[in-house]
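Work through the exercises below with the sequence and the coordinates open. Each task is followed by a solution in steps.

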Amino acid sequence: MDMKFLILSIFWVPFIRTTAGIPIPPRYDGFIFSDTSSSSSPVLLEAFIDPLCSDSADAWPTVKRIAQHFQDDLMLIVHPFPLPYHHNAFFACRAMHIINKLNSTLTYPLLELFFENQDSFSTSGTIEETPSSVIERIVELATNSFSNLVSSGFESDFKAGFSDPGMDMMTRISFKFGCSRVVVGTPYFFVNGIPVYDADSSWNFIQWAELIEPLIGNNKGAHSIA
Ligand SMILES: *[C@@H]1O[C@H](CO)[C@@H](O)[C@H](O)[C@H]1NC(C)=O
């Protein structure tokens, strides 16, 4: 073997490993729906959601109702997961990270705003539009919708987030995190870390409640592991 090649390959292997690895974020990925949990061991429901995915939008009202119903016994974390075939999904997920940093109480209102305006940011609807115009419209939509909730600096701060490499990295980590858990679509659910492959946007309140309720019983009573 050529010596030069050998030396190169020794140096290349760790280099490749580093770039292919997932940077560790300062905190667990995702947005906690309600962090008022007083239970020491709430059931953890994780939902991988693409703000521009219609199935995610369909699933959301039920998932939200479940989180509200079980309150302290359940912690819901939404992980933003941009699907590549929704061309503006990365911007939408980035917007969620940006607003979460600016004012975390607006994270879920922004998610719902995307759900209500999916058509406006769809791949087919924006195919002739420049990315900067899409970003501009996201900023405008949020600024107008939350105008009575935010201070005057909101619009420029929100816009600046789209050129902040830190926010870009957080969004990439969300994506990579989903990949690391073999998420291949949205919505995708995990309960206490276990994938719930059956659960999809058609699941109703009863189906969810039947899954969660026995787990809460275990938390409160004796540990019965079948
Ligand atoms: C954050 O948003 C809430 C509304 O959800 C608002 O009442 C509050 O004033 C905002 N805080 C800041 C610092 O802008």
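**Exercise 1. A polar contact and a peptide bond**

Task: Find the side chain that is joined to Ser-56 by a polar contact, and describe the site of that partner.

Solution. The model is a predicted one.

Step 1. The partner is Thr-186, whose side chain makes a polar contact of 3.2 Å with the side chain of Ser-56.

Step 2. Thr-186 sits in the loop between helix 7 and strand 4.

Step 3. The relative accessible area of Thr-186 is 9%. Buried means under 20%, so Thr-186 is buried.

Step 4. Look at the bond to the next residue. Thr-186 and Pro-187 are joined by a cis peptide bond, with omega about -5°. Pro-187 also belongs to the loop between helix 7 and strand 4, the latter spanning 188–191. As background, most peptide bonds are trans.

**Exercise 2. Positive phi**

Task: For Val-182, state the phi angle, the place in the chain, and whether the residue is buried or exposed. Then treat Asn-192 in the same way, starting from phi.

Solution.

Step 1. Recall that most residues other than glycine have a negative phi.

Step 2. Val-182 is not a glycine, yet its phi is positive, about 55°. Val-182 is placed in the loop between helix 7 and strand 4.

Step 3. With a relative accessible area of 58%, Val-182 is over the 50% cut-off and therefore exposed.

Step 4. Asn-192, likewise a residue other than glycine, has a positive phi near 50°. Its place is the loop between strand 4 and strand 5 (194–195).

Step 5. The relative accessible area of Asn-192 is 44%. This value falls between 20% and 50%, so Asn-192 is partly exposed.

**Exercise 3. The ligand shell**

Task: Which residues surround the ligand, and how much of the ligand does the protein bury?

Solution.

Step 1. The surrounding residues are Asn-103, Thr-105, Leu-106 and Leu-149.

Step 2. The ligand taken alone exposes 360 Å², and the protein buries 45% of that.

Step 3. Sort the shell by class: two residues are nonpolar, two are polar and none is charged.

Step 4. Check the distances to oxygen atoms of the ligand. For Asn-103, a polar side-chain atom lies 2.3 Å from a ligand oxygen. For Thr-105, a polar side-chain atom lies 2.8 Å from a ligand oxygen.

**Exercise 4. The largest pocket**

Task: What is the volume of the largest pocket, and which element supplies the largest share of its lining?

Solution.

Step 1. The volume of the largest pocket is about 610 Å³.

Step 2. The lining of this pocket has 25 residues, and those closest to the centre are Gly-30, Phe-31, Ile-32, Asn-100 and Ser-104.

Step 3. Assign the lining to elements. At least two residues each come from strand 1 (31–32), helix 2 (54–70), helix 3 (89–102), helix 4 (107–116) and helix 7 (165–180). Helix 4 gives the largest share, four residues.

Step 4. Divide the lining by class: 12 residues are nonpolar, seven polar and six charged.

**Exercise 5. Pairs apart in sequence**

Task: For Ala-67, Val-150 and Ile-127, give the location and the accessibility, then the C-alpha distance to a residue elsewhere in the chain.

Solution.

Step 1. Ala-67 is part of helix 2. At 8% relative accessibility, Ala-67 is buried. Phe-33 is 34 residues away in sequence, and the two C-alpha atoms are 7.9 Å apart.

Step 2. Val-150 lies in the loop between helix 5 and helix 6 (154–161). Its relative accessibility is 19%, under the 20% cut-off, so Val-150 counts as buried. Between Val-150 and Leu-102, 48 residues apart along the chain, the C-alpha separation is 9.8 Å.

Step 3. Ile-127 is in the loop between helix 4 and helix 5 (131–145). At 56% relative accessibility, Ile-127 is exposed. Ile-127 and His-87 are 40 residues apart in sequence, with 8.7 Å between their C-alpha atoms.

**Exercise 6. The chain as a whole**

Task: How many helices and strands does the chain have, and what percentage of its residues count as buried?

Solution.

Step 1. There are eight helices and five strands.

Step 2. Along the sequence their order is α-β-β-α-β-α-α-α-α-α-β-β-α.

Step 3. The chain has 226 residues, of which 40% count as buried.

Note on methods: Residues are numbered from 1 along each chain as its sequence is written. This is a predicted model: local features need pLDDT of at least 70, side-chain atom pairs count only at pLDDT 80 or more; totals for chains, interfaces and linings use all residues. Side-chain values use heavy atoms; hydrogens and water are left out. A residue is near a molecule or strand if one of its heavy atoms lies within 4 Å of it. A polar contact is a pair of N or O atoms within 3.5 Å; within protein, one must be able to donate a hydrogen and the other to accept it, and residues adjacent in sequence count only if both atoms are side-chain atoms. Accessible areas come from the Shrake-Rupley method with a 1.4 Å probe; for residues, only the protein chains shown count as cover. Ala, Val, Leu, Ile, Met, Phe, Trp, Tyr, Cys and Pro count as nonpolar, Asp, Glu, Lys and Arg as charged, and the others, Gly among them, as polar. On a 1 Å grid over the protein atoms alone, a cavity is a set of points where a 1.4 Å probe fits but cannot get out, and a pocket is an open set with protein on both sides within 12 Å along at least five of seven lines; lining residues have an atom within 4 Å of a point. Grid points are joined across faces, edges and corners, and a volume is the space filled by probe spheres set on the points. Buried means under 20% relative accessible area, exposed over 50%, partly exposed in between (1.4 Å probe, protein chains only).
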